Amino acid sequence: MPAEIPLRFVAKDEFATLRSFLEASGYSEAFLLEHFGAVSLHDLLGASGARRQAFDDRYRGEGLPLFLARLFFGGKQATGAELDRYVPAGVQTTLRGTGLLDDAMRCPVLLHPAFGFCIASDRTDYAGADFVMSGAEGLCRQFVRYIGKEPCGRFLDMGTGAGIAALVASSFAREVWAVDIVERAVRYAEWNCGLNLAENIHVRQGDLFEPVRGMRFDRIVCNPPFEPSLTGDVVFSCGGEDGEAILARLIAETPQYLAPAGRLYCQVEGTDREAETLDRRVVRWLGEAGAEHDSALFVRDRYEPMQFAIRQTVLSNHDSAAVEQWAELYGRLGARAVLIGHLIVERHEGTRRSFHLRGQYDPEASIRDLEGCFDRQVAVAGGEFREFRPVLQGGWELHVRHKPVQGDMHPERYTFVTRAPLPEEWDVSPWMARMVTRCDGAITMEQHARWAETNAGVGAEEFAGGMRLLTWAGVLAPSRGEEQW
Ligand SMILES: C[S@@+](CC[C@H](N)C(=O)[O-])C[C@H]1O[C@@H](n2cnc3c(N)ncnc32)[C@H](O)[C@@H]1O
């Protein structure tokens, strides 16, 4: 496989001049979406037929941002007159020096604005199995939005591709490592670090953790390939026969590389199967390390397997024979549902019992919302949770179903109905429904536990389980005075 990419490094000050020019040019994601009337860059990149024609028509016009959109996004040929009108001579020299402008007056790569950076990657006409995706794709954007962005020490972007998550992390992590098995991805990622003047990113080539053996990270993020091999053998998308091979290896190996309290944020696509749900498989992949790690699978989309197969076949323009291959694969796996979402795994400290949870989240929920759910569980799982003073949260209803008994209405079933971030229905025991009304932040969990024991005969184990459920559902937040999760 050829490892070259059609780009070259230039001196740091030349990159800086080019970057300043791009920053001030108005060539931004907001400009592209507004000018083309596209819902996403993915929409703009992947359009075909009449929609593509409509987009193409809009490439005509005047102005620097539109000129750059033509050249960098649309792959159109520039003229000398346009270059002279819009681009200072020094920047023209850098465009040629970097290879962003070739002899045919075209840009041989896709250079797109994302999250405040400019990212170079392959154009879709590159046909090699080592194709490097742009990160403008819907799932990549989703992945970047859902990585933890609190300041941290050492950060690893596993399967970095063109380096988009590593670049985003360079602003909040002290030291960023970016790994990809594909040499061309490493080249693009390095070049993108150069253009974006990111100096705290170390890019390495290799198979999963092999280039960072022996290191520990405060945060690891990954958007692994998860297409089953029936869709092709392109490295960025192929996740082995069932699509979960890289995910399984990643999760099995992650515990060796997480620092204490370190977290993995991983985008996932996988199947619930007759024999085992996806979240149970995650726990199995963690193996013995599951005892020292908490995990939560946040599901955004859930598809019937054949609905998903047809969707993928249509989106990738494959013929109907592909649907039969999907049906055969899903039949063999005993697939019951295809799930897309985000997984958080955290190495916990001490010897407490781990939690492994799953929830369907509202697509409007942010990563902070999901982290809130996770953090509340960490707080409740900690040994000292009985000192906390739970506080009632908003955004839920309690539905009580009654049935007539001996001429009176008797409450039979208690259900909390929650909205964002986890919109769900949670059947609970009557004591839990009664207890929440007393959670005003003044009474400790210990006192609540005694109340539950005295009034409903609830033992310690059942009480802890009830608190886990109510905090996971977002009905209660454990509070330690000022601190709240
Ligand atoms: C779905 S792409 C994600 C790229 C980028 N992180 C993004 O979100 O735009 C998966 C990436 O994982 C890389 N990859 C696949 N197998 C790998 C492995 N065994 N070790 C390291 N990287 C791998 C691919 O080359 C590709 O860049």
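1. Sheet order. In this predicted model, eight strands form an open sheet: the 8 strands follow the order β5-β4-β3-β6-β7-β9-β8-β10, and their pairing is mixed. At the edges lie β5 and β10 (356–360), each of which pairs on one side only. On average, neighbouring strands of this sheet are turned by 20° against each other, with direction ignored.

2. Pairing of β6 and β7. Strands of a sheet pair through backbone hydrogen bonds, in either the parallel or the antiparallel sense. Here β6 and β7 (residues 258–273) take the parallel sense, over 5 bridges. For a point to check on screen, Val221 has Tyr265 of β7 as its bridge partner.

3. Helix on the sheet. Helix α15 (residues 367–381) lies across three strands, namely β8 (293–303), β9 (335–347) and β10. Relative to β8, α15 runs at about 145°.

4. Ligand shell. There are 22 residues around the ligand, and those that come nearest are Gly135, Cys140, Gly159, Gly161 and Asn223. At least two shell residues come from each of α8 (138–145), α9 (164–169) and β4 (173–180). By class, the shell contains 15 nonpolar, 5 polar and 2 charged residues. The strand β4 thus named also appears in the sheet of point 1, where β4 stands between β5 and β3 in the order.

5. Backbone exceptions. Most residues other than glycine have a negative phi, and most peptide bonds are trans. Three sites in loops deserve a look against that background, as set out below.

6. Leu208. Although Leu208 is not a glycine, its phi is positive, at about 40°. Leu208 sits in the loop between β5 (201–205) and β6 (217–222). Is Leu208 buried or exposed? Leu208 counts as partly exposed because 19 other C-beta atoms lie within 10 Å, and a buried residue would need 20 or more.

7. Gln406. A positive phi, about 45°, is also found at Gln406, which is not a glycine. Gln406 is placed in the loop between β12 (396–405) and β13. Gln406 counts as exposed because it has 5 C-beta neighbours inside 10 Å, and the limit for that class is 12 or fewer.

8. Cis peptide. Which residues does the cis peptide bond join? The bond lies between Ala420 and Pro421, with omega about 0°. Pro421 belongs to the loop that runs between β13 (408–418) and β14 (424–428).

Technical notes
Residues are numbered from 1 along each chain as its sequence is written. This is a predicted model: local features need pLDDT of at least 70, side-chain atom pairs count only at pLDDT 80 or more; totals for chains, interfaces and linings use all residues. A residue is near a molecule or strand if its C-beta atom, placed from the backbone, lies within 6 Å of it. Helices (H or I, at least four residues) and strands (E, at least two) are DSSP runs, numbered from the N terminus. Ala, Val, Leu, Ile, Met, Phe, Trp, Tyr, Cys and Pro count as nonpolar, Asp, Glu, Lys and Arg as charged, and the others, Gly among them, as polar. Two strands pair if DSSP finds at least two bridges between them. Axes are lines fitted to C-alpha atoms, for helices over the stretch in contact, and angles run from 0 to 180 degrees between N-to-C directions. Two residues are in contact if their C-beta atoms, placed from the backbone, lie within 7 Å.
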